[in-house]
Amino acid sequence: MKQSVSRLALLALSANLLGAPPALAHAGKAHVHGAGKMQVVVDGNALSIRIEAPLHDLVGFEHVPRTDRQRSAAKQALDRFNQGETLFTPSSAAQCRLGSTRVEAPVLQGGQDTGDGHADLVAEYLFSCAQPTHLTGMEVRLATHFPGLRRIDAEVVSARGQQATRLTPRMRMLAW
């Protein structure tokens, strides 16, 4: 049962990585400043990560960038999220390599304001691990790069089961 749950979760996340549009991050969900959400799925040699975070915590605003300073902050945040290997360090013995990345923040990527004053960034990563039996966790450095992100509520699904953990700037290690 655990493995089939893991496979279903991986398939759902992989569908987004392969081009299916993710649901709006704030549609029907609470939008809490200072708090991001992370979903991690470990299945065989695949490590999938999905992050949702309010733009306010990442760039200091939640609207289409209007000033040079805001455009610069938006570009820096998008660039950083497109470098998943700087944000996540899986167990080194697992020899994981980042295979694909998908970052969506329509407000920052030439879109329109949401109309409700709230906007999120959604990022998805797929790592492939050469030694998956050694994949026991990872360091998450989101709060290091984005100090406005004071906590990350993480959910992990793996062959070992499911768990939930709250990460903070001081508690960056996610183990499973």
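Two strands count as paired if DSSP finds at least two bridges between them. Keep that in mind as we walk through this predicted model, because several stops are pairs of strands that meet this rule.

**Stop 1: the small open sheet**

Select residues 137-140, which are strand β6, and then β9; 3 bridges join the two, and they run antiparallel. Zoom in on Glu139 and you will find Met173 of β9 standing opposite. Now add β3 to the selection: the 3 strands form an open sheet in the order β3-β6-β9, with antiparallel pairing. β3 and β9 (173-175) are the edge strands with a single partner each, so one side of each has no neighbour in the sheet. Look along the sheet as well, where neighbouring strands are turned by 20° against each other on average, direction ignored.

**Stop 2: the whole chain**

Zoom out and colour by secondary structure. How many helices and strands does the chain have? There are 5 helices and 9 strands. Starting from the N terminus, the elements follow the order α-β-β-α-α-α-β-β-β-β-α-β-β-β. Of the 176 residues in the chain, 45% are buried. Among contacts with a separation of 6 or more, 71% come from residues 24 or more positions apart. If you switch on a surface, the chain exposes about 9000 Å², and carbon and sulfur atoms supply 53% of that area.

**Stop 3: helix α3**

Next, select residues 68-81. This is helix α3, with 14 residues; from its first C-alpha to its last it reaches 20 Å, close to the 20 Å expected at 1.5 Å a residue. Show the side chains of Gln70, Ala74, Ala77, Leu78 and Phe81, which are buried. Turn the view to look down the axis of α3: these buried residues fall within an arc of 95°, so they line one face of the helix. A little helix geometry helps here: an α-helix has 3.6 residues a turn, so residues three or four places apart point the same way.

Which residues are exposed on the other side of α3? Select Asp68, Arg69, Lys75 and Gln76 to see them. Then return to the buried residues of α3 and display their surroundings: they pack against β2 (46-54), α2 (55-59), α4 (84-87), β4, β5 (120-129) and α5 (142-145).

**Stop 4: strand β5 and its partners**

β5 was one of the elements packed against the helix, and it makes a good next selection. This strand is mostly covered, with 8 of its 10 residues buried. Bring in β2, which is joined to β5 by 9 bridges and runs antiparallel to it. Within this pair, Ser48 has Leu126 in β5 as its bridge partner. Then bring in β4: β4 and β5 pair in the antiparallel sense over 8 bridges. Here, look for Arg102, which stands opposite Glu124 in β5.

**Stop 5: a loop residue**

Move to Gln95, placed in the loop between β3 (88-90) and β4 (96-104). Its phi is near 55°, a positive value in a residue other than glycine. Gln95 counts as partly exposed because its relative accessibility is 42%.

**Stop 6: a hairpin**

Finally, select residues 151-158 and 161-167. These are the antiparallel strands β7 and β8, joined by 7 bridges. Together β7 and β8 form a hairpin, with 2 residues between them. End the tour at Asp153, which stands opposite Arg166 in β8.

Definitions and conventions. Residues are numbered from 1 along each chain as its sequence is written. This is a predicted model: local features need pLDDT of at least 70, side-chain atom pairs count only at pLDDT 80 or more; totals for chains, interfaces and linings use all residues. Side-chain values use heavy atoms; hydrogens and water are left out. Helices (H or I, at least four residues) and strands (E, at least two) are DSSP runs, numbered from the N terminus. Buried means under 20% relative accessible area, exposed over 50%, partly exposed in between (1.4 Å probe, protein chains only). The expected span of a helix is 1.5 Å times one less than its number of residues. The arc is that of the directions from the helix axis to the C-beta atoms. Contact means heavy atoms within 4.5 Å. Accessible areas come from the Shrake-Rupley method with a 1.4 Å probe; for residues, only the protein chains shown count as cover. Axes are lines fitted to C-alpha atoms, for helices over the stretch in contact, and angles run from 0 to 180 degrees between N-to-C directions.
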